[in-house]
Amino acid sequence: MKKTSVILAFALLLAIPLFMALSPKAEKPTESKWRVVTVVESVVPGNLGRSKITTMDSDGAATEQDIKNLFSLTGINFKNLQDNNRGIADLLARNTADGYELVEVVPGNFGGDKESQGIFMTRFIFKK
């Protein structure tokens with residue numbers, strides 16, 4: 001009886017690593033890549049404000065692009081608005097073509113002390 005128990009224990013010790021080697025491995029989940037694009041549009045008249053598009057990837061890579069201010073000395077500048085819209089649409093299309101999916105849009109509006117000061121800010125959050 002003792003000899004049978006030793007043989008069974010030895011067989012079990014050999015079988016465990018064999019079953020572990022043959023069992024399907026759980027795949028490691030792939031890590032998501034994130035990209036945050038922030039569009040800041042100034043409403044300070046006379047081209048005195050600073051309007052930009054900044055992009056930051058989850059790996060720390062960053063870019064910055066100048067865009068036009070929404071207001072000139074005489075009021076809203078619709079040509080600048082159209083140029084900015086074209087640039088933002090191109091940026092969204094490039095990110096989609098790069099395999100990113102737009103998952104969230106976060107708007108923001110920050111007014112200054114005066115009625116003619118402030119910024120519009122929009123964040124586009126992409127995931128790949």
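The following paragraphs describe the fold, the nonpolar core, the largest pocket and several individual residues of a predicted model.

The secondary structure of the chain amounts to 2 helices and 7 strands, and these elements succeed one another along the sequence in the pattern α-β-β-β-β-β-α-β-β. Of the 128 residues in the chain, 25% are classed as buried. When contacts between residues at least 6 apart in sequence are considered, 52% of them link residues at least 24 apart. The area exposed by the chain comes to about 9700 Å², of which carbon and sulfur atoms supply 61%.

In soluble globular proteins, nonpolar side chains tend to be buried together. In the present model, the largest nonpolar core consists of 9 residues, namely Val37, Val39, Ile53, Ile67, Ile88, Leu91, Tyr100, Phe124 and Phe126. Two or more residues of this core are given by each of strand S1 (34-42), helix H2 and strand S7 (118-127). For Phe126, a member of this core, the contacts beyond four places in sequence comprise Lys33, Trp34, Arg35, Val37, Leu92, Asn95, Tyr100, Glu101, Leu102 and Val103. Val37 and Tyr100, which appear among these contacts, are themselves listed in the core.

The search for open space returned a largest pocket with a volume of about 210 Å³. Its lining is made up of 14 residues, of which Arg35, Thr55, Thr63, Leu91 and Arg94 are the closest to the pocket centre. At least two lining residues are supplied by each of strand S2 (51-57), strand S3 (62-67) and helix H2 (78-97). By residue class, the lining divides into 5 nonpolar, 4 polar and 5 charged residues. Leu91, one of the residues closest to the pocket centre, also belongs to the largest nonpolar core, and Arg35, likewise among those closest to the centre, is one of the residues touched by Phe126.

Individual positions on the strands were then examined. Thr54 is located in strand S2 and has a relative accessible area of 28%, so that this residue is classed as partly exposed, given that the intermediate class runs between the limits of 20% and 50%. Beyond four places in sequence, Thr54 is in contact with Val36, Val37, Thr38, Thr63 and Glu64; of these, Val37 is part of the largest nonpolar core, whereas Thr63 is among the residues closest to the centre of the largest pocket. Although Thr54 and Arg123 are 69 residues apart along the chain, their C-alpha atoms are separated by 9.5 Å. Val40, which is placed in strand S1, touches Arg50, Ser51, Lys52, Ile67, Ile119, Phe120 and Met121 when neighbours within four places in sequence are set aside. The C-alpha atoms of Val40 and Asn69, residues 29 apart in sequence, lie 9.3 Å from each other.

Two loop positions complete the account. Ala61 is situated in the loop between S2 and S3, and because its relative accessibility is 38%, Ala61 is counted as partly exposed. Its contacts beyond four places in sequence are with Thr55 and Met56, and Thr55 is one of the residues closest to the centre of the largest pocket. From Ala61 to Arg35 the C-alpha distance is 9.4 Å, for a sequence separation of 26 residues. Asn77, for its part, occupies the loop between strand S5 (75-76) and H2, where, with residues up to four places away in sequence excluded, Asn77 is in contact with Leu70, Phe71 and Ser72. The C-alpha atoms of Asn77 and Pro45 are 9.7 Å apart in space, while the two residues are 32 apart in sequence.

Key:
Residues numbered from 1 in each chain as written. Predicted model: local features only at pLDDT ≥ 70, side-chain atom pairs only at ≥ 80, totals over all residues. Heavy atoms only, no water. 1 Å grid on protein atoms, 1.4 Å probe; cavity = no way out; pocket = protein on both sides within 12 Å on 5 of 7 lines; lining within 4 Å. Points joined across faces, edges and corners; volume = space filled by probe spheres on them. Helix = DSSP H or I, 4+ residues; strand = E, 2+ residues; numbered from the N terminus. Nonpolar A, V, L, I, M, F, W, Y, C, P; charged D, E, K, R; others polar. Core = buried A, V, L, I, M, F, W, Y, C linked by side-chain atoms within 4.5 Å. Buried < 20%, exposed > 50% of the residue type's maximum accessible area, 1.4 Å probe, protein only. Contact = heavy atoms within 4.5 Å. Areas by Shrake-Rupley, 256 points an atom, 1.4 Å probe, with all protein chains shown as cover.
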